[in-house]
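Please open the model in your viewer and keep the selection panel at hand, since the tour below moves from one selection to the next.

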Amino acid sequence: MAAADELTFHEFEEATNLLAETPDAATTSRSDQPTSQGHVAVAVGSGDSYGAEDEVEEESDKAALLQEKQQQQQQPGFWTFSYYQSFFDVDTSQVLDRIKGSLLPRPGHNFVRHYLRNRPDLYGPFWICATLAFVLAVTGNLTLVLAQRRDPSIHYSPQFHKVTVAGISIYCYAWLVPLALWGFLRWRKGVRERVGPYTFLETVCVYGYSLFVFIPMVVLWLIPVPWLQWLFGALALGLSAAGLVFTLWPVVREDTRLVAAALLSTVVLLHALLATGCKLYFFQSLPPEHVAPPHQAASLPTNIPLSPTLPRSMAPS
Amino acid sequence: MAEAEESPGDPGTASPRPLFAGLSDISISQDIPVEGEITIPIRSRIREFDSSTLNESVHSTIMRDLKAVGKKFMHVLYPRKSNTLLRDWDLWGPLILCVTLALMLQRDSADSEKDGGPQFAEVFVIVWFGAVTITLNSKLLGGNISFFQSLCVLGYCILPLTVAMLICRLVLLAGPGPVNFMVRLFVVIVMFAWSIVASTAFLADSQPPNRRALAVYPVFLFYFVISWMILTFTPQ
């Protein structure tokens, strides 16, 4: 048992030395990273608190080294174009990798440390939010179309204002909530000695990529079975919130239990509110008597059922 | 040149050369005459050209611009990898297309229900700000295309969707129905694919190969939103 522990500890040291000598290697050489991640996962599984503490120490060392290097590189001022270009310095494979990482959160893998590696990007959050806003508006309208197919008394309209509402709400959520979270974590920075807080961009990145799982969820909400919709919603919310919690856990763990619990539950609650709000606003279940305008409702008998299979409309009223 | 050298050297040539008769009057030394002024005839032609655009009629000015726009339309309809759209960019075509599309898509002012189709300003803003955002995204990712060239390409590639809008309006005159919807869906899908192919033919080469998908995806989203607006258009 002691020999196995010594073996895994040596693996950590090698990885830290590699990162100290060539900090850029963390971002480019991803081929040997999965093997070391595999060893990290084994260590955490076998000896829980000991392995996790080591991981936190190594992460803080790595973070300190990488942040030093990053500060040396932050030369261009915020008024130059190349400053903003540094936030879009990602390849297609990296973006896909980060999306995959957000879809499958694992307890040992912190999204910021393992996928972002101190190179947050703005491409992912921006376009995922744009896609989600448009997909929400489009699928919400599609459910209206499908409902009208089943029940012709429902009045169809393109509902273009929902695009504006979706866009504003998604973008506000994905940028203001990380701002508040970042501000709160920096305020509590004094309580934590070892692990520094995430930068604002990393927080935005975490939130942006965690919203990706809502896109297939919204598309699957086209299926008009209510319990299935709530099931998909719960699944997606669980995945997304788990990703957020696993990312925030190493940072809030040193704080008092009360603050940590309150912060994590607030994060999960806000996420749940977003999902529920989207469901209720964009995918309203439509009783036909309430939606049809008066001139159409007057022309239809009220005993037309929703399911088209029953030919009760043929029966005399 | 060889004939000019020969004629002073051979004054005793019996056959007269009416073509070079005046050459004997010119004093040309026996050595190779490499001296004199060389005027570039092109420069005077360009000066003529510039002053003539001021003096030409309004009709020819407008026709020249319209022909340039029409030529670019042809390049969009039959997309080949050519540089015409990129080299001589202009924003007249995108403006004409955007205004036409927005005029056709706007909801009737008499139909003031809250959840109708887009207003003129909403379509205009979506098209222009969408194009600007995609261009900024492409430049931030490291593409080497200029700002207005990219706007020009994105604007011109709305042409297939404008044609789809015209066809949809004509088809809607026939009255609603499932066949009607299928025809419109088919037309919009075909034109959407055409727009994507046309714009990718022009824009994809300006990106480094490992980021091409990142730059093309927003274009896909942009034309998808416009196609959605066209497909859900219902006349009141």
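## A walk along chain B

Begin by selecting Val58(B), which counts as exposed because its relative accessibility is 61%, and the cut-off for that class is over 50%. Bear in mind throughout that this is a predicted model. Val58(B) is found in helix 3 of chain B, so a cartoon view will help with the next selection.

Next, add Ile62(B), Met63(B), Leu66(B), Trp92(B), Leu95(B) and Ile96(B) to the selection, and you will have, together with Val58(B), a nonpolar patch on the surface whose accessible area comes to about 650 Å². Which helices of chain B each supply at least two residues of this patch? They are helix 3, spanning 58-77, and helix 5, spanning 92-105, with helix 3 giving the largest share, four residues.

Now move to helix 7 of chain B, residues 147-156, which presents a mostly covered element in which eight of the ten residues are buried. Those to select are Gln149(B), Ser150(B), Leu151(B), Cys152(B), Val153(B), Leu154(B), Gly155(B) and Tyr156(B).

Finally, colour the segments that an unreviewed UniProt entry annotates as "transmembrane region", namely residues 89-107, 119-141, 153-175, 181-203 and 215-234 of chain B. Over residues 153-175 of chain B, the chain is 78% helix and 0% strand, with the end C-alpha atoms 35 Å apart. For residues 215-234 of chain B, the corresponding values are 85% helix and 0% strand, and a distance of 33 Å separates the end C-alpha atoms.

How values were computed
Residues are numbered from 1 along each chain as its sequence is written. Chains are lettered from A and ligands numbered from 1 in the order in which they are written. This is a predicted model: local features need pLDDT of at least 70, side-chain atom pairs count only at pLDDT 80 or more; totals for chains, interfaces and linings use all residues. Side-chain values use heavy atoms; hydrogens and water are left out. UniProt positions are given in the numbering used here, feature names are shortened, and annotations may be inferred rather than shown by experiment. Patches are made of residues with over 30% relative accessible area and no salt bridge: like charges are joined within 9 Å, nonpolar side chains (Val, Leu, Ile, Met, Phe, Trp, Tyr) within 5 Å. Accessible areas come from the Shrake-Rupley method with a 1.4 Å probe; for residues, only the protein chains shown count as cover. A salt bridge is a side-chain nitrogen of Lys or Arg within 4 Å of a carboxyl oxygen of Asp or Glu. Buried means under 20% relative accessible area, exposed over 50%, partly exposed in between (1.4 Å probe, protein chains only).
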